[in-house]
Amino acid sequence: MIDNHSRFANDSAEALRLENVRKVHGADGSRVVALDGVSLALRAGSFTAVMGPSGSGKSTLLQCAAGLDQPTDGRVFVAGAPLAGGSETALTKFRRERVGFIFQQFNLLPMLTVLQNTTLPLRLAGQKPDEGKAAAVLARLGLGDRLGRLPSELSGGQQQRVAIARALVAEPAVLFADEPTGALDSRSAREVLGLLAEAVRRDGQTVVVVTHDPVAASYADAVLFLADGRIVDRIAAPTAEAVAERMTHLGDDDAEH
Ligand code: ADP
Ligand code: MG
């Protein structure tokens, strides 16, 4: 993944920028301000955790940053390029070329093998799937002997690792993960976070992950805390203890530990 020089021209390259992003969900009667002026800039090769109480806007933030949803106001840049407004085609192209997304429920296709799931984004992007590269990424994630299996034959932790492999082979400028470990036991959860951290250290992958687990968050370089649609705090070089303390302070009552 380090062969893509245009993506990370130097260490200080900016992978993600949000300028005063607002997102209002719903129509007149039921307007919900999910994001209330969020600005941030993330360096390429950084690993950021996003935390905050339920309903604080974490998922909306990731969806707007990834082009899965459009901000009501403000601007989003991924690897220096503006998130194209307007046509659905432009958004789809933006997503395929620049971002990866990992969901809590893995979202693997049940009829495709592990290897086929992993090469799918490349095929969708019209590229010739490099099965050797996909197999190498899967092997690095501990799935080298599972290439021909179906998702239903794997544990939850293994399925999430397939989803990570699928995201990594596309070499996104930013990889977003929204509570990727929410459906896993705590051991598999920390394993998954460890693998994301390794992709950051090894390949300079930029990762943004939402988690409720202070230990998981301590794998990140920095933790952003959201409350009521605003970034209210930031901890650099977080320890699990510092994160847990801050979450209690913010009143997050559904932390997993
Ligand atoms: P979090 O991920 O931190 O739990 P969300 O981003 O999912 O928070 O939600 C932020 C706020 O926006 C909440 O009040 C939620 O109910 C509201 N919200 C999220 N998505 C929608 C939607 N599609 N329509 C209406 N309201 C929404
Ligand atoms: Mg959420």
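A helix here is a DSSP run of H or I with at least four residues, and helices are numbered from the N terminus. Keep that in mind as we walk through this structure, which is a predicted model.

Let's begin at ligand 1. Which helix gives the largest share of the shell around it? That's α1, with 3 residues. Helix α1 (58-65) has company, though: both α1 and strand β2 (32-43) supply at least two residues of this shell. If you want to find the neighbours of ligand 1 yourself, look for His25, Gly26, Val32, Ala34, Gly52, Ser54, Gly55, Ser56, Gly57, Lys58, Ser59 and Thr60. Sorted by class, that shell has 9 polar, 2 nonpolar and 1 charged residues.

Now follow β2 into its sheet. Strands of a sheet pair through backbone hydrogen bonds, and they can do this either parallel or antiparallel. In this model there is an open sheet of 4 strands in the order β2-β1-β4-β5, and the pairing is antiparallel. Strands β2 and β5 (81-82) are the edges, as each of them pairs on one side only.

Let's cross that sheet strand by strand. Strand β1 (residues 14-25) is joined to β2 by 9 bridges. One place to see this is Val21, whose bridge partner in β2 is Val38. The hairpin of β1 and β2 has 6 residues between the strands, and Gly26 in this hairpin takes a positive phi near 80 degrees. You've met Gly26 already, among the residues around ligand 1.

Next door, β1 is joined to β4 by 5 bridges, and again the two run antiparallel. Arg17 is a handy residue to click on here: it stands opposite Ala41 in β2, and its bridge partner in β4 is Phe77. Moving on, β4 (residues 73-78) pairs with β5 over 2 bridges. There, Val78 stands opposite Ala81 in β5.

Time for two more helices. Is α5 (156-169) mostly buried or exposed? Of its 14 residues, 11 are buried, so α5 is largely enclosed by the rest of the structure. The buried ones include Val162, Ile164 and Leu168, but also Arg161 and Arg166. Their cover includes β6 (99-102), α3 (114-124), α4 (131-140), β7 and α6. You can also check the length of α5: at 1.5 Å a residue, its 14 residues should span 20 Å, and the end C-alpha atoms are 20 Å apart, which agrees. Right after this helix comes Glu171, with a positive phi near 50 degrees.

Helix α6 (residues 186-203) passes a similar check: its 18 residues should span 26 Å at 1.5 Å a residue, and its end C-alpha atoms are 25 Å apart, which agrees. So where are its buried residues? They are Ala189, Val192, Leu193, Leu196 and Ala199. These cover an arc of only 110 degrees around the axis, which puts them on the same side of α6. The spacing makes sense because an α-helix has 3.6 residues a turn, so residues three or four places apart point the same way.

What do the buried residues of α6 pack against? Their partners are α5, β7 (174-178), β8 (207-210) and α7 (214-217). Turn to the other side of α6 and you'll find Arg187, Gly194, Arg201 and Arg202, which are exposed. Just after the helix, Gly204 takes a positive phi of about 70 degrees.

Technical notes: Residues numbered from 1 in each chain as written. Chains lettered and ligands numbered in written order. Predicted model: local features only at pLDDT ≥ 70, side-chain atom pairs only at ≥ 80, totals over all residues. Expected span 1.5 Å × (residues − 1). Buried ≥ 20, exposed ≤ 12 C-beta atoms within 10 Å, placed from the backbone. Arc of directions from axis to C-beta. Contact = placed C-beta atoms within 7 Å. Near = placed C-beta within 6 Å. Nonpolar A, V, L, I, M, F, W, Y, C, P; charged D, E, K, R; others polar. Pairing = 2+ DSSP bridges.
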